[in-house]
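Subject: Structure for you to look through

Hello,

Here is the structure I said I would pass on. Please open it and keep it in view while you read the notes below.

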Amino acid sequence: MKLLERFQYLIPDAVFVARKHGGRAAAQLVGRRVGTVLFLYRRYLVLCHPLSDSLPTPIPPDGYSVRRAMPQDLPALAALVGPGTARLFARRMAMGRVCFIALKDSEVVSYTWGTFDTSWDLDYIELPLPTGTAYYYGSFTASDHRRQGLLTALTGLQDQHFRAMGARHAIGLVERHNKPSLAMWRSFGSRQMGTFTHLRVLGWEWVRRIALNPE
Ligand SMILES: CC(C)(COP(=O)(O)OP(=O)(O)OC[C@H]1O[C@@H](n2cnc3c(N)ncnc32)[C@H](O)[C@@H]1OP(=O)(O)O)[C@@H](O)C(=O)NCCC(=O)NCCS
C-alpha cells in the first residue's frame, strides 16, 4: 500500500465533507482515515454464495434504476463519495474492477464493486482468489435509501455479470459486528467458508486467512 497515495485521496474528500456537513464531520473523517491507514486490526468472516446458471433478473425498487457504472458516471459518484475516493474509483475502473450503481433522478445513491483480481493499492486487500471465484466488496447505500432492496438488486446484476464471465462463486469479507452486512449476505443464501484477519501497522500489511476455497 502506498501511504502517500491514501493521504492524497483524503484531502479532497475532507474538503468535500467540510463543505457538505461542516468542519466537525471533516475532522472526524480525517481522524478515522489517518487512524486506519496507520493502524488497523480487523477480523472478517468470509461469506460465499454460489452463482447458478439460471439467475433471476434483478428488479430495482420503484423510482430507482440500476446498471453498471461507466467512467462518465464518476462525477455522479464523486457527489456521493467525494472527489478523492472518486479518483480511486477511476483507477479501479481503468484496471478492470466492475462497479454497479443505483440511481434516483440521476443521483447515485448506492454502489458495489466486484473483481477477479485484488491488489493492496486498488482494493485495500489482496486475496488469493481461486479460479472461478469473484470477490464482491465496497458496497454502500446512502442512509436515506437503505432497506429498499438496492444492494440486493445491485448484487443480482453482479451475479449475472460475473456468472457470464465464468464465475461459479462470489465471496465477500464482512466484519463480525456489521449486522446489516451479515444479514444482507445471508439474504443471498451465503454461507461462511472461512475467516480473515487483517493487521496494518504504518502501511505494512499482515493477513491470516483460513480457507478461501469454496469447493
Ligand atoms: C449493508 C448495506 C450496503 C445494505 O444496503 P441496502 O441497500 O440497505 O440493502 P438491501 O435493502 O438490499 O437489504 C438486503 C437485506 O439485507 C439485510 N439488511 C440490510 N440492512 C439491514 C439492517 N440494518 N438490519 C438488518 N438487516 C439488514 C436484510 O435481510 C435485507 O433484506 P430485507 O430488507 O428484505 O429484510 C447498507 O446498510 C450500508 O451501506 N451500510 C454501510 C456500509 C457497509 O457496511 N457496507 C458493507 C461492507 S461489507
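Thr197 counts as partly exposed, because 13 C-beta neighbours lie inside 10 Å, where 20 or more would make a residue buried and 12 or fewer would make it exposed. Please note before going on that this is a predicted model. Thr197 sits in strand S7. Leaving aside residues up to four places away in sequence, Thr197 touches Arg43, Val207 and Arg208. Its C-alpha atom is separated by 26 Å from that of Asp159, and the two are 38 residues apart along the chain.

Strands around S7

Strand S7 covers residues 191-201 and pairs with strand S1, residues 39-50, in the antiparallel sense, over 10 bridges. One place to find this pairing is Leu40, whose bridge partner in S7 is Arg200. Strand S1 also runs antiparallel to strand S6, residues 169-175, and seven bridges join S1 to S6. Here Tyr44 can serve as the marker, with Glu175 as its bridge partner in S6.

S7 also pairs with S8 in the antiparallel sense, over seven bridges. In this pair, Phe196 has Arg209 in S8 as its bridge partner. S7 and S8 form a hairpin with two residues between them, and Leu202 in the turn has a positive phi of about 50 degrees. How many of the seven residues of strand S8 are buried? The number is zero, so strand S8 (residues 204-210) lies largely in the open.

The whole protein

The protein has seven helices and eight strands. Its radius of gyration is 17 Å, close to the 17 Å given by the globule rule for 215 residues, so the protein is as compact as a globular protein of that length. The C-alpha trace spans about 50 × 45 × 30 Å along the principal axes. Of the 215 residues, 30% are buried. Among contacts with a separation of 6 or more, 69% are between residues 24 or more positions apart.

The cores

In soluble globular proteins, nonpolar side chains tend to be buried together. The largest nonpolar core in this model has 24 residues, and those with the most contacts inside it are Leu77, Cys99, Phe100, Ile101, Ala102, Tyr111 and Leu154. Two or more residues of this core come from each of helix H3 (74-81), helix H4 (83-94), strand S3 (98-104), strand S4 (107-115) and helix H6 (150-164). S3 gives the most, with six residues. Cys99 is a useful one to select: not counting residues up to four places away in sequence, Cys99 touches Ala69, Phe89, Met93, Tyr111 and Trp113. Apart from this core lies another, of 16 residues, including Leu47, Ala167, Leu173 and Val174.

The ligand

Which residues are the closest to the ligand? They are Thr141, Arg146, Pro180, Ala183 and Met184, out of 19 residues that surround the ligand. Strand S5 (133-141), helix H6 and helix H7 (179-187) each supply at least two residues of this shell. H7 gives the most, with six residues. By kind, the shell divides into seven nonpolar, nine polar and three charged residues.

Some single residues

Most residues other than glycine have a negative phi, and most peptide bonds are trans. Asp105 is not a glycine, yet has a positive phi of about 50 degrees. Asp105 is found in the loop between S3 and S4. Is Asp105 buried or exposed? Asp105 is exposed, because 8 other C-beta atoms lie within 10 Å.

Arg147 also has a positive phi, near 60 degrees, in a residue other than glycine. The place to look for Arg147 is the loop between S5 and H6. With 9 other C-beta atoms within 10 Å, Arg147 is exposed.

The last residue is Gly35, in helix H2 (residues 23-38). Gly35 counts as exposed, because 10 C-beta neighbours lie inside 10 Å. Between the C-alpha atoms of Gly35 and Arg92 the separation is 23 Å, and these two residues are 57 residues apart along the chain.

Regards

Key
Residues numbered from 1 in each chain as written. Predicted model: local features only at pLDDT ≥ 70, side-chain atom pairs only at ≥ 80, totals over all residues. Core = buried A, V, L, I, M, F, W, Y, C linked by C-beta atoms within 7 Å. Helix = DSSP H or I, 4+ residues; strand = E, 2+ residues; numbered from the N terminus. Contact = placed C-beta atoms within 7 Å. Near = placed C-beta within 6 Å. Nonpolar A, V, L, I, M, F, W, Y, C, P; charged D, E, K, R; others polar. Pairing = 2+ DSSP bridges. Rg over C-alpha atoms; globule rule 2.2 N^0.38 Å.
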